[in-house]
Amino acid sequence: MSYWCQMYFQNSATLAGMRVQWVFGLYCVVTFAIFVFVALSMATSCFSPYSFLFMQTNHTLERIWGLVPLVILTFLSWPSMGLLYAMAELETPLITLKCVGHQWYWEYEYSDFGLVSYNSYMVPEEDLKLGEPRMLTVDKSVVLPFSVWCRVLTTSFDVIHSWAVPALGVKSDAVPGRLSESSIKVETPGVFWGQCSEICGALHSFMPIRVEVVSCEIFGKWINFMEEMN
């Protein structure tokens, strides 16, 4: 969960999320280096009477500043392509979770386990217990096992929503009539929060997401309980 005045990403619980943070840090370093180089070049051309004329008449320098951006973009594309490949669709996921957005709540389906499905609503502020976060607590959470590849399918019943859990490195748009697919493998048990990150109407901020990651044994017991309830 994020905290007050947080300026960076949340601590990631997936390898994909960690790679996203690493790529972001790399891009920031490269961008800062380019900014420093351009600033020094501008300062040199402003205060030196010969540097501006040198840059205008030197053809070798023109070739260099034409090739260097190409090399930089090629260098930056390598981690991006690897990250996209790592977050690609799974052919044989062990668990499939379908998230359906409604105005203004989430519907979850575990189609691999006898159509276990339920709705998740935000708990009103007056019903919160001590220690429960405001506007993030729900009556029914998503439950997933850790160290297991899970496929997340998102769609919408009415308008465009977005199922986003920053700590898991996942943000998948829910579009009516279309299935969006993403994959996650949570490496540590715990509780992770998210929210709908697409403006979807008057109660857009009342669509929190709570993901509880447990062991495979506890997940199996929970699935059996939900099947009996349904």
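Hi everyone. The UniProt annotation "transmembrane region", from an unreviewed entry, covers residues 20-43 and 64-88; such annotations may be inferred rather than shown by experiment. This is a predicted model, where local features need pLDDT of at least 70, side-chain atom pairs count only at pLDDT 80 or more, and totals for chains, interfaces and linings use all residues. Residues are numbered from 1 along each chain as its sequence is written, and side-chain values use heavy atoms, leaving out hydrogens and water.

Let's start with residues 20-43. That stretch is 100% helix and 0% strand, with its end C-alpha atoms 35 Å apart. Helices here are DSSP runs of H or I, at least four residues, and strands are runs of E, at least two.

Now helix 3, residues 59-86. Its 28 residues should span 40 Å at 1.5 Å a residue (times one less than the number of residues), and the end C-alpha atoms are 42 Å apart, which agrees. Leu76, Pro79 and Leu83 of helix 3 are buried, meaning under 20% relative accessible area with a 1.4 Å probe, protein chains only.

What do the buried residues of helix 3 pack against? They pack against helix 1, residues 15-47. The two helices, 1 and 3, meet at an angle of about 170°, with axes 10 Å apart; axes are lines fitted to C-alpha atoms over the stretch in contact, and angles run from 0 to 180 degrees between N-to-C directions. Helix 1 and helix 3 are therefore roughly antiparallel, the word for angles over 145 degrees. Contact means heavy atoms within 4.5 Å, and among the residues making this one are Trp22 of helix 1 and Phe75 of helix 3.

Notes:
Buried means under 20% relative accessible area, exposed over 50%, partly exposed in between (1.4 Å probe, protein chains only). Angles under 35 degrees count as roughly parallel, over 145 as roughly antiparallel, 65 to 115 as roughly perpendicular and the rest as oblique.
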